[in-house]
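Me: Got a minute to go through a model with me? I'd like to talk about contacts and burial.

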Amino acid sequence: MGKGSGHGKIIIFGEHFVVHGAPAIAAGISNTANVEVIKAAKNSIVTKQRVIPDLSIAAIANVLSAMNIKESYEVRLTGDLPTEGGLGSSAAFCVGLVRALADEKKLHLTPEQVNRFAYEGEKTFHGNPSGIDNYIATHRGVLEFTRGRTPLENKFVPLELERPLDFVVSLTGKIGSTPKMIENVRKFKEADPEEFGQLMDEYFKIATEGAKFISKGKLDEIGSLMNANQSLLSELGVSDERNDAVVETAMKEGAYGAKLTGGGGGGSCIALAKDKAHAEKLAQALTKAGYASFSTVIDRK
Ligand code: MEV
């Protein structure tokens with residue numbers, strides 16, 4: 001038996017825009033996908049989490065093939081990372097799987113190898129992933145990510161924070177389909193390249209300012225940029241009524257800013273709080289409003 005795990009993430013700025021070449025800022029969270037692999041006659045997935053079994057089995061096959069492993073495995077998934085969408089659970093699963101297989105086969109992989117093999121599994125889930133989720137699932141930390149023309153040309157700039165940032169993560173209660181949202185955005189771009197270009201230009205300003213304010217811990221400014229980013233995501237059509245309702249509730253409850261995180265169309269949202277006590281209060285209020293929530297701290301490194 002082999003064991004491994006991968007971390008979840010939140011995207012503070014830039015989901016979807018990152019797929020089309022803009023920088024995004026993301027941070028690892030402590031929640032993990034924990035994976036165990038046991039040699040078996042055929043590949044299977046065993047979990048109490050909400051997953052799409054066919055997709056998971058296809059991802060397992062892709063990861064095995066990328067790692068040049070010929071055997072089949074029963075793959076067990078546990079952990080505290082919700083799988084409703086937006087928190088990088090498919091990438092965390094793939095990273096956990098690569099690490100579990102490496103553990104089983106006594107392979108010593110570099111983090112970059114783990115990331116690269118996990119990306120092959122992630123492609124099964126997302127079709128055209130930027131690569132940001134598997135990178136964070138492997139390395140954690142806070143970083144600015146820009147997609148290159150090939151995965152080898154992806155750029156990662158780690159950000160150092162002057163102070164930790166306290167966020168609340170809220171589940172909308174509806175499973176978000178990231179591939180569907182990625183496809184909707186592709187169609188939007190194809191149908192109206194000029195409008196899409198304008199949204200990209202506006203987003204670029206948010207990304208540039210956002211990285212600076214995150215490093216300096218400027219809560220008011222980060223919050224305003226999160227709200228501006230949320231407006232752009234609404235214009236792109238990836239924020240559904242549940243995302244909007246969570247954002248509205250978080251703002252009413254005193255968040256500095258709030259937005260969907262990840263693919264949207266349901267899934268998860270994040271809200272920025274003043275400190276840990278405020279984040280816990282916000283999480284309670286959002287949970288009471290019907291959106292299961294938890295607080296998470298993004299640390300200095
Ligand atoms: C998903 O967590 C973020 C998206 O930008 C897709 C991707 O970057 O692969 C929607």
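Me: How many disulfides does the structure hold?

Reply: There are 0 disulfides in this predicted model.

Me: What about C94 and C269, buried or exposed?

Reply: C94 is buried, at a relative accessible area of 0%. C269 is buried too, with 1%.

Me: C269 is in β9, right at the start of my next topic. How many of the residues of β9 are buried?

Reply: 6 of the 6 residues in β9 (residues 268-273) are buried, so the strand is largely enclosed by the rest of the structure. Both of its faces are covered. S268, I270 and L272 sit on one side, with C269, A271 and A273 on the other.

Me: Which strands pair with β9?

Reply: Strand β7 (residues 165-171) pairs with β9 in the antiparallel sense, over 6 bridges. Strand β8 (residues 257-261) also runs antiparallel to β9, joined to it by 5 bridges.

Me: Which residues in β9 stand opposite D166 and G257?

Reply: D166 is opposite A273, and G257 has L272 as its bridge partner.

Me: And the hairpin of β8 and β9, how many residues are between the strands?

Reply: There are 6 residues between them, and G262 in that hairpin takes a positive phi near 90°.

Me: Switching to charges. How many salt bridges are there?

Reply: The structure holds 14. One of them is E71 with K105, where the closest N and O atoms are 3.0 Å apart. That pair links distant parts of the chain, 34 residues apart: E71 is in the loop between α1 (53-66) and β4 (72-79), and K105 is in helix α2 (residues 89-105).

Me: How exposed are E71 and K105?

Reply: E71 counts as partly exposed at 29% relative accessibility. K105 is partly exposed as well, with 30%.

Me: What about salt bridges within a helix, where are E248 and K252?

Reply: Both are in helix α8 (residues 241-252), and because they are 4 residues apart, about one helical turn separates them. Their salt bridge has its closest N and O atoms 3.8 Å apart. E248 is partly exposed, with a relative accessible area of 48%, whereas K252 counts as exposed at 66%.

Me: Which residues are joined into one network by shared partners?

Reply: Salt bridges with partners in common join E183, R186 and E190. E183 and R186 form a salt bridge whose closest N and O atoms are 2.8 Å apart. They both lie in helix α5 (residues 178-191), 3 residues apart, which is about one turn of the helix. Each is partly exposed, E183 at 31% and R186 at 35%.

Me: Staying with α5, at what angle does it pack with α6?

Reply: α5 and α6 (residues 193-216) pack at about 115°, and their axes are 5 Å apart. From α5 the contact uses V185, F188, K189, E190 and A191, and from α6 it uses P193, E195, F196 and L199. Those residues divide into 6 nonpolar, no polar and 3 charged.

Me: Last one: D133, buried or exposed?

Reply: Buried, with a relative accessible area of 11%. D133 lies in helix α4 (residues 132-139).

Me: What is D133 in contact with, leaving aside neighbours within four places in sequence?

Reply: The contacts of D133 are K9, I11, G88, A91, E122 and H126.

Key. Residues numbered from 1 in each chain as written. Predicted model: local features only at pLDDT ≥ 70, side-chain atom pairs only at ≥ 80, totals over all residues. Heavy atoms only, no water. Salt bridge = Lys/Arg side-chain N within 4 Å of Asp/Glu carboxyl O. Helix = DSSP H or I, 4+ residues; strand = E, 2+ residues; numbered from the N terminus. Buried < 20%, exposed > 50% of the residue type's maximum accessible area, 1.4 Å probe, protein only. Disulfide = S-S within 2.5 Å. Axes fitted to C-alpha atoms, helices over the stretch in contact; angles between N-to-C directions. Contact = heavy atoms within 4.5 Å. Nonpolar A, V, L, I, M, F, W, Y, C, P; charged D, E, K, R; others polar. Pairing = 2+ DSSP bridges.
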